[in-house]
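Here are some exercises to help you find your way around a new structure. Have a go at each task before you read its solution.

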Amino acid sequence: MFRYFLIYKPFGMLSQFSREGEHATLADLNFTFPKDVYPVGRLDADSEGLLLLTNDNRLKTRLLDPKNKHPRTYYVQVEGNVNNEACEKLRAGVEISVDGKKYKTLPAVTNTIEVPELPERNPPVRFRKSIPTSWLALSLYEGKNRQVRRMTAAVGFPTLRLVRYAIGKVSLADFEAIEPGGVVEFDHKDLPLLY
């Protein structure tokens, strides 16, 4: 039987069950997953937000294949007051380095947003009085390693906090009480929302 779980991966946790150094892993969550369940994609240790876990390999393949253009939306806190010029560059695609080679990203749906209602990060993002911060909503259809961070840096606005807010049409807003480390089982009938 296929099972589907959405978690709010906390900052500092690896998107895997196996140990690696001192980092917390998915095995540290206060939840017992079936043995054959694994994450679909990943979030770096210094990123947080929605992560899907399942034993449905067909769904994994569908969501991870770039030709299917599966959308993922991130809320990104950046250093500085992000401007329209930077947003336009992100919308057009920017050049980043992937495995030491130049790569032009696909166009991203990009908008500035007000400070979103998110759980506090632990530890908090560093605060510097002299440097303002701002927020973007960025939707991608591809997933290169550390792509969002490389994209915002390429337009002059380094990422301070990165939260995967939505996978397809499923967002953190759909789970009002979910906090970092929280787990929700997802019903198979709602799977089309993930595409």
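A residue counts as buried when its relative accessible area is under 20%, as exposed when that area is over 50%, and as partly exposed in between. Keep in mind that this is a predicted model.

**Exercise 1. Sort the phenylalanines**

Task: decide whether Phe33 is buried or exposed, then place Phe17 and Phe31 on the same scale.

Solution:
- Step 1. Phe33 has a relative accessibility of 10%, and the limit for buried is under 20%, so Phe33 is buried.
- Step 2. Phe17 comes to 27%, which makes it partly exposed.
- Step 3. Phe31, at 33%, is partly exposed too.

**Exercise 2. Read the ring pairs**

Task: find how many aromatic pairs there are, and work out the geometry of the pair formed by Phe17 and Phe33.

Solution:
- Step 1. Rings pair when their centres lie within 6.5 Å, and the count comes to six aromatic pairs.
- Step 2. The ring centres of Phe17 and Phe33 are 5.7 Å apart and their planes meet at 70 degrees, so this pair is edge-to-face.
- Step 3. Now place the two residues: Phe17 and Phe33 each lie in the loop between β1 (4-9) and β2 (38-40), so their pair ties together parts that are 16 residues apart in sequence.
- Step 4. Phe31 and Phe33 have ring centres 4.8 Å apart and planes at 55 degrees, so that pair is tilted.
- Step 5. To finish the picture, ring pairs link Phe5, Phe17, Phe31, Phe33 and Tyr38 into a cluster.

**Exercise 3. Charges over rings**

Task: which ring does the charged end of Arg121 sit over, and which ring does that of Lys144 sit over?

Solution:
- Step 1. The charged end of Arg121 sits over the ring of Phe11, at 3.8 Å from the ring centre.
- Step 2. For Lys144, the ring is that of Tyr103, and the charged end is 4.9 Å from its centre.

**Exercise 4. Explore the largest pocket**

Task: find the volume of the largest pocket and the residues closest to its centre.

Solution:
- Step 1. The volume of the largest pocket is about 580 Å³.
- Step 2. The lining is made up of 30 residues, and the closest to the pocket centre are Arg72, Tyr74, Glu142, Gly143 and Lys144.
- Step 3. Two or more lining residues come from each of α1, β4 (72-79), α3 (147-154) and β9 (159-167).

**Exercise 5. Follow helix α3**

Task: list the buried residues of α3 and say which elements they pack against.

Solution:
- Step 1. Gln147, Val148, Arg149, Met151 and Thr152 are the buried residues of α3.
- Step 2. These buried residues pack against β4, α2 (84-92), β5 (95-98), β8 and β9.
- Step 3. Look just past the helix: α3 is followed by Gly156, which has a positive phi near 90 degrees.

**Exercise 6. Spot the unusual backbone**

Task: where does Lys69 lie, where does Arg146 lie, and what is the phi of each?

Solution:
- Step 1. Lys69 is in the loop between α1 and β4, and its phi is near 50 degrees, a positive value in a residue other than glycine.
- Step 2. Lys69 has a relative accessible area of 53%, so it is exposed.
- Step 3. Arg146 lies in the loop between β8 and α3; its phi is positive, about 55 degrees, although it is not a glycine.
- Step 4. With 32% relative accessibility, Arg146 is partly exposed.
- Step 5. For one more backbone feature, go to the loop between β7 (109-113) and β8, where Pro123 lies. The peptide bond from Asn122 to Pro123 is cis, with omega near 0 degrees.

**Exercise 7. Compare a helix residue and a strand residue**

Task: say whether Arg58 is buried or exposed, do likewise for Ser134, and find what Ser134 touches.

Solution:
- Step 1. Arg58 is found in helix α1 (residues 57-64), and its relative accessibility of 74% makes it exposed.
- Step 2. Ser134 belongs to strand β8 (residues 133-140) and is buried, at 13% relative accessibility.
- Step 3. Beyond its neighbours within four places in sequence, Ser134 is in contact with Val76, Gln77, Val78, Gly80, Asn81 and Val82.
- Step 4. A polar atom of the Ser134 side chain lies 2.6 Å from the backbone oxygen of Gly80.

Technical notes: Residues numbered from 1 in each chain as written. Predicted model: local features only at pLDDT ≥ 70, side-chain atom pairs only at ≥ 80, totals over all residues. Heavy atoms only, no water. Helix = DSSP H or I, 4+ residues; strand = E, 2+ residues; numbered from the N terminus. Buried < 20%, exposed > 50% of the residue type's maximum accessible area, 1.4 Å probe, protein only. Polar contact = N/O pair within 3.5 Å; in protein donor to acceptor, adjacent residues only side chain to side chain. Contact = heavy atoms within 4.5 Å. Phe/Tyr/Trp six-rings, centres within 6.5 Å; stacked < 30°, edge-to-face > 60°. Lys NZ or Arg CZ within 6 Å of the ring centre and 35° of its normal. 1 Å grid on protein atoms, 1.4 Å probe; cavity = no way out; pocket = protein on both sides within 12 Å on 5 of 7 lines; lining within 4 Å. Points joined across faces, edges and corners; volume = space filled by probe spheres on them.
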